[in-house]
Every structure is written in C-alpha cells, then in structure tokens.
Amino acid sequence: MIPLYWYLLLAALLFCIGLFGVITRKNAVGILISIELMLNAANINLLAFWRYLYSETGDLRGQVFVIIIFVVAAAEAAVGLAMIISAYRQKQTVVANEIDSMKG
Amino acid sequence: MTGMQLIFLIAAAVVVSSAFMSVTSRRMIHAALWFVLALLGVAVIYALLEVSFFAVVQVLVYVGAIAILIIFATMLTRRALEDHGKQFNRATLMTLVIVSVIFAGLVFSLRSWPQIQSMTAPLSADQLDVGVLGLALTAPDGFALPFEVTSILLLAALIGSIYVAYERKEKKK
Amino acid sequence: MNFIYDPVPWVINWLTQLLLSWGLSENFVTTLLYLVGAVLICLGAMLFTTMLIWAERKIGGRFQDRLGPNRVGPWGIFQSIADMLKIFTKEYINPVGIDKIPFNLAPILAVAAVLAVWAVIPFSQTVFGSNINVGILFIIAIGGLGEMAIILAGFGSNNKYALLGAFRAVAQLISYEVPMVIVLLIPVMFSGSMGLNDIVQAQTIPFIVYAPVACMIFFICSIAENGRAPFDLLEADSELVAGYNIEYSGLKFGMFFVADFLHAFTSAIVFTTIFLGGWQGPGVEQIPVLGGAYMLIKTLLVYFLMLAIRFTVPRFRIDQMMALNWKILTPLALVTVVMTALVDKAIPHEMTAIRIGALLVANLILWLLADRMITTFSKRNPVQVVTGKLRPLARPEILSVAEKETAQ
C-alpha cells in the first residue's frame, strides 16, 4: 500500500516546480502552463486526503472541490489564452514584461 | 516493494521530470508537450488513488481540451516556431532559493506530523461510485449551490473568451 | 460453465486453474492473463483490420461501379496482405527539420488511442476487458489522445501542409466532440450508469427506439470523428495535399492508415454498444456466445451504412461543416437531452409501452421542428445555383433530353 506522505511529497514537489515556472517564465503561455501544474498539485493533495481520511465517512467535499478546480482551470485556460492571443494581435509579443500599458 | 508502489514511483518520476522540463525547456511547444506528459502522469496517480472518474476526467479536460488549447495558442503566437532569447527573467536565482525554502518548509511540516507515516487508505471500493458524487452535486442540502456557481462561471468564461478573442471588423479597415 | 455455450470464460478459468496448479501466485496469474488478453485483443483487432481494408475497398468499388481489388488471390482477398508486405519493405524517410520524438511518437499514439477503446467494449455478456464504471467517459477521453497524435504529427513534420491539416483535423474533432458528449448523456440517463456493460444490460429494448434523434446525432458525429467522407476535410487532397500525415512513409504511414480504418470500425462498435443493444438478442441468457455473433452482425451492418455514406456523399466545405455542428447539431443535442429527461421523468417506468410511445412522439416533434427551422434558414440564404451555357460538344445533335431542358 502506498503511504499518504508519498502523495503529499509529490504534490509539494509539483507545486514548487509550478511556482518556479510562474515567477521566472517570460512567456505568458509558459506562465499559464505553470499555473495549471500548481492546480494539479492541489488536486493530487485534495484527492489523496479525501481517499485516506474521508472515503469511509461518505463525506464528498474533497471530490467536489476537485471538480470545482477542474472547472476553474478550464475557464482560466480559455479566458487566459484568449487574452494572450488578443494581446499578441495588438503588441506582437507574448512576453509578459513587455505587455505593460493599459491602452492598446 | 509492491507492484502498486513501483507504479507510483514510475508515475511520480514521470510527473516530476516532465513538469520540470515543461517549465525549463526553451521552445514553448516542447514545454506544452512535456506538460501533456505530466498531465498523463497525474492521471495515473489518480487511478492509483482509485478515483477512476477523476483519472478519466483529467485526460478528458486537461489533455483533450486545455493542453490542446495551449498548443494552439503557442502555435498562433509564434511567427516562426523558433523561440529566441532568454526564456527566464532576472529573478531566476532568487526564485530558486525561495522555491527551495518553500519545499523545505513543506517537507518539514510533513515530518512534524507523526501519524502520517502510518496512515493507510481504507479499502472501501463501494464509496467511490460516480452516482454518489452526482447525487451529492445536485442535492439541495449537498453541493447544489457551488455546482450552479461553477456552471455560471463556465458560461461567463465562454462568453468572455469569445468577446476577448473576437477580431473586430472595423479595426481591420 | 460450458465450453460450447461460453468458450472464453471457460478457457480463462481453465488457464487460471492450470497456472495456479503450477504454484504461481494468484496476483501474478491475474496480471499474466490480463496481459495475454490485451495482446490477443490488439492482435485480433489489427488482423481484422487487414480484412476490413479489403472489404472496404471491394464494397467501395461496387458502389462506384468498378471492380475493386481483384488480382491477389480469389476476389483479391489477399490484397491487403500484399499491401502490408509492400509497406513493411518501404524506406523510412526522416525529412530534414523534423522534430524526432513527436514525429515518431505520433503514429504509435494514433493506433494506441484507437486500440485502447477496445479495453472497455463488452463483446458478449461475459467477455469484456474491464467494466470500469466510467466507460463512456473513457471512450471520449481516449479520443482526446487521438487528437494529440494528430497535433504531434502535424507539428513534428515541419511542413506547412501537415500543420494546416492538423489544425483543421483538431478543430473538426473538438467541435464534433461537443454534441457527441451531450448526446451520450441520454443512454447514461436511461441506464443509470456510465459503464458500457451496464448500458448494454439495460437495453432489452435498444435505445435507438427510445431516442432516435440522439442516435442520429451520435452517428453523424462519429462519422465526423473518423474524418471520413463527407467530413474528410482533414485529408482533402485538393486543399491540403494529404493532410497531417503527408511527410510519413513506410510503416509509419501504414500505422496512420490502420488507425483510420480501425477507428471507423471501432466507432461502429461503440455505436452498436450504446444505441443498438450490443450483445442483446434472443437466447443470449442461455447461450452467451450468441451475444458475440449478434454484436458482430450489428456492427457490420452499421459499418456498411458508414461505407455507403462514405462512397456516395460529396464532401462538405469547411464552413458548412462548422455551421452544421455549431448551428444545428449542438443546439439540437441540448434540446434533445432536456426533452428526453422531462418526458422520461414524467412517465413512470412501469408503463413501458406508453413511455416508448411518448419518447418517440417527442423525438418526432423535435425532428420536424429542426427540419422546419433548417428549411426556413436555408430559404433565407438561398444557395446560388451555378448555371452554365451549353457545353461545347462534338456532336450536339445527340444531346440528351435532360441536358436540352436545362440548356433552355
């Protein structure tokens, strides 16, 4: 049987890699990928805790939270990528540092 | 070491290494492809947790939709598919330090929780039914409100992304 | 358990007893048998595909008033084997500037994504790979992997036609996934489960009787998912040269080719399982092996229908295809799901005949409404009919009567 802390360690590592990407990536799409990795880490944590601590009690909060995170991730990817493409049309760049003025 | 543990270790190694490659690789399109591999690894992890519904939804939503969207966006925002110049900003070293500190803190807090070493999953396959989750999501005393809110969020995202990405015709003239 | 009535579980049982008597551990035996089963199913599917390619070419030939393959063996039956040998001996060409890993991974993924669907199909009452409780979702999710294979092929080839073809293909596949997924809610609603074997078990009366409109939408969408005519825009030669697999040669191209045929047959199987009652038929309870035969017959009928459509209907334009999906199929699918749920809830399940009648009437009304709306829409935007002058003829005096009428 797999111990719970293996899952938690994996999630922690994945989260840290994602965080690193969010802070250091220049490309806006890269930042979005890193955010998705962080959300996945959170999902692993939620599902592991639900499975090990709550799966016998009939408490479904862990699963419901994961579903909501899926929805948020999908919405975020759709809107975020639309914004990136729209910004690229205006400025011809996707480097996050160079998109710094409010007016097109 | 049992077979389950071996599968977990392989999947975890795939997830971590491909996630690392996807935040560090120079060409954005390669980053996106590594990202897909990481997502598939996470789906395997879900399957090991015996939540097959989430494993399948992970492949369906992330690989089938989000990753493909990201690959499309990467290709649409590159004239040539080559990425020149540095891919990281100046804060790389500092971020590395911060991230290591955070990871060390997480590991430390895990170690300071003594019961966690002995925790094992209960063997209750009957609780993992999808129907139970569906009923909980729609029951008025369950999670009906959050469920409705997420559907409104999706609708808003749908309309919003169409509005944002819509190429206005008068600007073309 | 009898060998003649139900051979596959009998063999599995016998093998398990044999291996256990050799002193192997039970886990090991189970894993081994699963592996053997997986290899057998994959091999069977691939070998079946070679026959299928011959049958498709032969039937296609008849549809188009030619002979089809007729040289190798009686009725050309070994044509695919000759083709296979040719493809095996061809050179692997790695074009300049390809991205090695995606380029080589794409054909493998394309075949694997189709074969993985076979893992959850119930071939008869007792023969199925895995009855996971999310079977339907699994099939759709695996379709997503197929899209990934197309993207990898298009990107890895370093060719603009391949990339354009891949973009088109993925746009088409993602679009047609939407009404397909919505419509799949209806069988789930009727059977109360997402496992494919449970769905088949619930179909003592096939779901095509309950929900003909949903069935039709699913059929159209699965043809579009295959990328076959009339939706074969992803390999429209005149526009894209050959689509996303243009740079492939030898066995790598062969794998895309096999994936294409296997995908068509697999979607016929899925259609049979979900809407035509899979292995259900008279006498299945006593003799489970009959279920496999029923399944095969139904699947081949569906496949024949797909072939008939493929070889007779002309290709859509890309805007027509997108309009068909987003303006007709998706709204129709949404309305169908809501209406079916309402009617299904309103009438208690005990009154089977009344329930089926009400569902049929509701479907009919829906279909007439949709047809009415499409007609008014197309009247508002009339298609410009191209009329030409009389074409230059060598002997105008033997012009056919019909052509004379159009000319005047």
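The following exercises, each with a worked solution, concern a predicted model of a complex with chains A, B and C.

In this predicted model, local features need pLDDT of at least 70 and side-chain atom pairs count only at pLDDT 80 or more, while totals for chains, interfaces and linings use all residues. Residues are numbered from 1 along each chain as its sequence is written, and chains are lettered from A and ligands numbered from 1 in the order in which they are written.

**Exercise 1. Confidence**

Task: State the predictor's scores for the complex, and determine which helix of chain C has the lowest confidence and which the highest.

Solution. Step 1: the complex receives an ipTM of 0.89 and a pTM of 0.86 from the predictor. Step 2: the pLDDT (the predictor's confidence in each residue, from 0 to 100) has an average of 83 in chain C, and 92% of the residues score at least 70. Step 3: within chain C, helix α15 (residues 401-407) is lowest with a mean of 58, whereas helix α9 (residues 212-226) is highest at 90. Helices, like strands, are DSSP runs numbered from the N terminus; a helix (H or I) has at least four residues and a strand (E) at least two. Step 4: where pLDDT is low, the predicted coordinates should not be read in detail.

**Exercise 2. Contacts between chains**

Task: Establish which pair of chains has the most contacts, and describe the sides that touch chain B in chain A and in chain C.

Solution. Step 1: two residues are in contact if their C-beta atoms, placed from the backbone, lie within 7 Å. Step 2: of the 2 pairs of chains that touch, chains A and B have the most contacts. Chain A and chain C are joined by no contact, and their closest C-alpha atoms lie 14 Å apart.

Step 3: between chains A and B, 59 residues of chain A meet 68 residues of chain B. On the side of chain A, at least two residues each come from α1 (4-24), α2 (28-54) and α3 (61-91); α3(A) has the largest share, 19 residues. This side of chain A holds 43 nonpolar, 11 polar and 5 charged residues. Here Ala, Val, Leu, Ile, Met, Phe, Trp, Tyr, Cys and Pro count as nonpolar, Asp, Glu, Lys and Arg as charged, and the others, Gly among them, as polar.

Step 4: the contact between chains C and B takes 17 residues from chain C and 15 residues from chain B. Helices α5 (135-156) and α6 (160-191) of chain C each supply at least two residues of the side that touches chain B, and α5(C) gives the most, with 10 residues. By class, this side of chain C divides into 14 nonpolar, 2 polar and 1 charged.

**Exercise 3. Chain B and its helix α2**

Task: Describe the make-up of chain B, then explain why α2(B) is described as largely enclosed.

Solution. Step 1: chain B has 7 helices and 0 strands. Its domain assignment, which is automatic or from a database, gives domain 1 (1-83) and domain 2 (129-173). The C-alpha centres of these two domains of chain B lie 24 Å apart.

Step 2: a residue is buried if 20 or more other C-beta atoms, placed from the backbone, lie within 10 Å of its own, exposed if 12 or fewer, and partly exposed in between. Of the 173 residues in chain B, 31% are buried. Step 3: in α2(B), 17 of the 21 residues are buried, so this helix is largely enclosed by the rest of the structure.

Step 4: the expected span of a helix is 1.5 Å times one less than its number of residues. For the 21 residues of α2(B) (residues 28-48) this gives 30 Å, and the end C-alpha atoms are 30 Å apart, which agrees. Just after α2(B), E50(B) takes a positive phi of about 65°.

**Exercise 4. Positive phi in chain C**

Task: Locate W75(C) and N158(C), and classify W75(C) and N158(C) as buried, partly exposed or exposed.

Solution. Step 1: most residues other than glycine have a negative phi. W75(C) is not a glycine, yet has a positive phi of about 55°; N158(C), also not a glycine, has a positive phi of about 55°.

Step 2: W75(C) is in the loop between α2 (26-63) and α3 (79-88) of chain C. Because W75(C) has 13 C-beta neighbours inside 10 Å, it counts as partly exposed. Step 3: N158(C) is in the loop between α5 and α6 of chain C. With 16 C-beta neighbours inside 10 Å, N158(C) counts as partly exposed.
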